[in-house]
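Thanks for coming. I have one structure to go through today, and I will take it piece by piece. Please have a look at it first.

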Amino acid sequence: MRLPRSSGILLHPTSLPGPHGSGDLGPAAYHFVDWLAGAGQQLWQVLPLGGIGPGDSPYMSPSAFAGNVLLIDLGELHTQGWLDAADIEATSGLFATHVDYGRVGAFRMERLARAAGRFAAAAGDEQREAFDAFCESQRAWLDDYALFMALSEAHQGADWCDWAPGLALRRPGALSAARRTHAERIGFWRFCQWSFFRQWAQLRAYAARKGVKIVGDAPIFIAHHSADVWARPELFELDAEGRPTVVAGVPPDFFSATGQRWGNPLYRWSAHAAEGYAWWIERLRRTLELVDIVRIDHFRGFAAHWEIPAAEPTAVNGRWVPGPGAALFEAVQQALGTLPLLAEDLGVITPDVEALRRRFELPGMLILQFAFGGDAGNRYLPHHHEHDAVVYTGTHDNDTVAGWWAGASDAERHFARGYCGVDGHDMPWTLIRAASMSVADTAIHPMQDVLGLGSEHRMNRPGAQEGCWRWRFQWHDVQPWHGRRLLEFSRLYGRLPAA
């Protein structure tokens with residue numbers, strides 16, 4: 001669908017300021033919404049809102065439906081009476097500049113357990129009714145998720161296919177016994193999800209009142225160690241024991257001689273087709289209950305995906321395998337209507353991928369950091385942009401603009417200076433201006449580029465196993481002129497809200 005001309009900021013909530021080691025859904029999130037509105041920004045793009053997985057990645061969540069419990073605002077639980085003032089006092093080892101997930105996870109999970117216990121012991125009738133109504137409305141995924149998380153804890157995180165056969169293969173007797181054994185912890189995980197969804201709904205409603213829409217992110221693939229794969233193994237390419245036979249990734253390219261072996265199980269698309277793509281329809285329905293617009297990650301995988309034998313250590317020995325193509329999006333459209341979706345169409349884009357995107361009129365992505373490596377024919381240069389697109393200075397997978405510029409070749413620097421008509425002294429804001437000027441309907445700027453930060457502040461390094469997803473900013477980093485300049489660009493280039 002065609003989006004109104006607008007601009008926004010890419011910032012995951014974990015990167016917000018706050019006293020408990022990582023950003024969350026507390027006061028800083030509301031202040032950020034206020035800042036966006038004051039700066040003339042109508043969009044807040046986030047990364048996937050699910051729990052984190054290996055490498056602390058939000059793209060390896062243990063559920064395609066659940067929220068990240070580490071985003072729960074502990075202060076709000078205090079106002080509800082489920083935590084004491086002492087419970088929410090910050091402790092040493094929780095950093096303002098970055099997220100130490102080991103320490104943050106231990107601190108927050110311990111507090112969440114206290115809150116869940118007090119809720120279970122002393123919640124009022126109205127609170128219990130709200131909790132029960134949530135559990136009933138989300139039962140389709142919540143029951144399996146809560147049991148999966150409790151069992152995963154009991155098995156110290158061991159892969160679910162290594163659990164006892166009765167649990168791994170979901171035999172009814174074993175599941176019933178597990179629900180009795182782990183009833184308290186199952187209640188804990190349900191309480192956490194209720195808290196997340198309740199707090200997120202309040203924040204999203206506040207953003208809507210301020211004229212700010214949330215752009216969410218739906219990873220195409222699911223972690224193998226997830227409630228989804230455990231609950232519906234027939235929808236994935238697994239063997240009889242539940243282990244992947246093939247896994248996802250991307251082939252070798254300019255950036256990696258061995259490609260990227262992500263390791264996610266691949267979908268058994270024939271099984272999805274046989275049930276009318278019901279799992280995908282429900283997934284997108286639930287996602288759009290949380291956000292206003294959805295970025296579909298690795299869109300090219302729906303046309304064809306890189307299939308790697310599970311035994312292969314790298315992505316070199318893979319092959320392209322057709323995806324569901326138009327059939328999936330036709331089923332989604334028939335069930336849900338025309339949806340506000342964005343296609344992450346980066347990487348090896350073949351004509352069939354472009355045709356699929358255009359058939360369903362999904363805006364694609366344009367990255368300005370990719371624009372200056374060749375000549376005037378580069379598709380990412382602004383004079384090639386189209387209305388039906390989202391233009392970025394860079395994404396969470398890119399270096400910051402300042403970092404990219406510091407490492408750019410002489411040829412890139414010469415071309416970029418000439419094209420943009422600048423001397424190169426402030427490339428982050430040069431590219432923010434170029435994105436704002438673009439005819440693309442939507443322009444998104446990573447917060448690091450607004451602040452002019454270098455490589456040490458980037459969010460992710462594709463292929464890195466650790467040290468990513470940690471960046472945070474502080475309010476003293478944000479100067480009044482940052483918002484004023486964004487507002488001025490939105491005014492000059494027609495990206496302010498309609499009167």
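Strand 3 and strand 6, residues 293-296, pair in the parallel sense, and four bridges hold that pairing. This is a predicted model, so please keep that in mind throughout. If you want one pair of residues to find on screen, take G216, whose bridge partner in strand 6 is V294. Strand 3 also pairs with strand 2, residues 43-45, again in the parallel sense, over three bridges. There the pair to look for is Q45, which stands opposite V215 in strand 3.

Is strand 3 enclosed or open to the outside? Strand 3 covers residues 213-218, and five of those six residues are buried, so the rest of the structure largely encloses this strand.

Now the other sheet I want to show. Four strands make up an open sheet in the order 5-4-7-8, with antiparallel pairing. Its edges are strand 5, residues 260-265, and strand 8, residues 319-322, each of which pairs on one side only. On average, neighbouring strands in this sheet are turned by 50 degrees against each other, ignoring direction. Strand 8 is joined to strand 7, residues 304-309, by four bridges, and the two run antiparallel. Within that pairing, H305 stands opposite V321 of strand 8.

Next, the nonpolar interior. The largest nonpolar core has 158 residues, and the members that touch the most others are F32, W44, F302 and M447. Which helix gives the most to this core? That is helix 8, residues 183-209, with 12 residues. Let me stay with F302 for a moment. Leaving out residues up to four places away in sequence, F302 touches I220, W269, W280, I296, D297, G323, P324, G325, L328, F329 and L356.

On to the helices. Helix 17, residues 427-437, is mostly covered, with nine of its 11 residues buried. Among the buried ones are M427, P428, W429 and T430 at the start of the list, and A434, A435 and S436 further along. What lies over those residues? The covering elements include two strands, strand 11 (389-392) and strand 12 (442-446). They also include helix 15 (401-407), helix 16 (410-420), helix 18 (447-450) and helix 19 (480-492).

The other helix item is a pair. Helix 3, residues 101-122, and helix 4, residues 125-137, have axes that come within 9 Å and cross at roughly 115 degrees. The two helices are therefore roughly perpendicular to each other. On the helix 3 side the contact is made by F119, A120, A121 and A122, and on the helix 4 side by Q127, R128 and F131.

Now some backbone angles. Most residues other than glycine have a negative phi. Two residues here are worth pointing out in that respect. Q156 is not a glycine, yet has a positive phi of about 50 degrees. Q156 sits in the loop between helix 5 (139-154) and helix 6 (165-168). W469 is not a glycine either, and has a positive phi of about 65 degrees. W469 sits in the loop between helix 18 and helix 19.

Are these two buried or exposed? Q156 has a relative accessibility of 71% and so counts as exposed. W469, with a relative accessible area of 6%, is buried.

Last, two aspartates. D24 lies in the loop between strand 1 (6-10) and helix 1 (27-38). D24 is buried, with a relative accessible area of 6%. What does the side chain of D24 reach? One partner is the backbone nitrogen of G26, at 2.9 Å. Another is the side chain of R108, in a polar contact of 2.9 Å. Not counting residues up to four places away in sequence, D24 touches P13, L16, A29, L70, L71, I72, D73 and R108.

The second aspartate is D352, in helix 14, residues 351-359. D352 is partly exposed, with a relative accessible area of 38%. Its side chain and that of T350 are joined by a polar contact of 2.3 Å. For orientation on screen, the C-alpha atoms of D352 and E456 are separated by 37 Å, and the two residues are 104 residues apart along the chain.

That is all I have for today, and I can put any of these views back up.

Methods: Residues are numbered from 1 along each chain as its sequence is written. This is a predicted model: local features need pLDDT of at least 70, side-chain atom pairs count only at pLDDT 80 or more; totals for chains, interfaces and linings use all residues. Side-chain values use heavy atoms; hydrogens and water are left out. A nonpolar core is a set of buried Ala, Val, Leu, Ile, Met, Phe, Trp, Tyr and Cys residues joined through side-chain atoms within 4.5 Å. Buried means under 20% relative accessible area, exposed over 50%, partly exposed in between (1.4 Å probe, protein chains only). Contact means heavy atoms within 4.5 Å. Two strands pair if DSSP finds at least two bridges between them. A polar contact is a pair of N or O atoms within 3.5 Å; within protein, one must be able to donate a hydrogen and the other to accept it, and residues adjacent in sequence count only if both atoms are side-chain atoms. Axes are lines fitted to C-alpha atoms, for helices over the stretch in contact, and angles run from 0 to 180 degrees between N-to-C directions. Angles under 35 degrees count as roughly parallel, over 145 as roughly antiparallel, 65 to 115 as roughly perpendicular and the rest as oblique.
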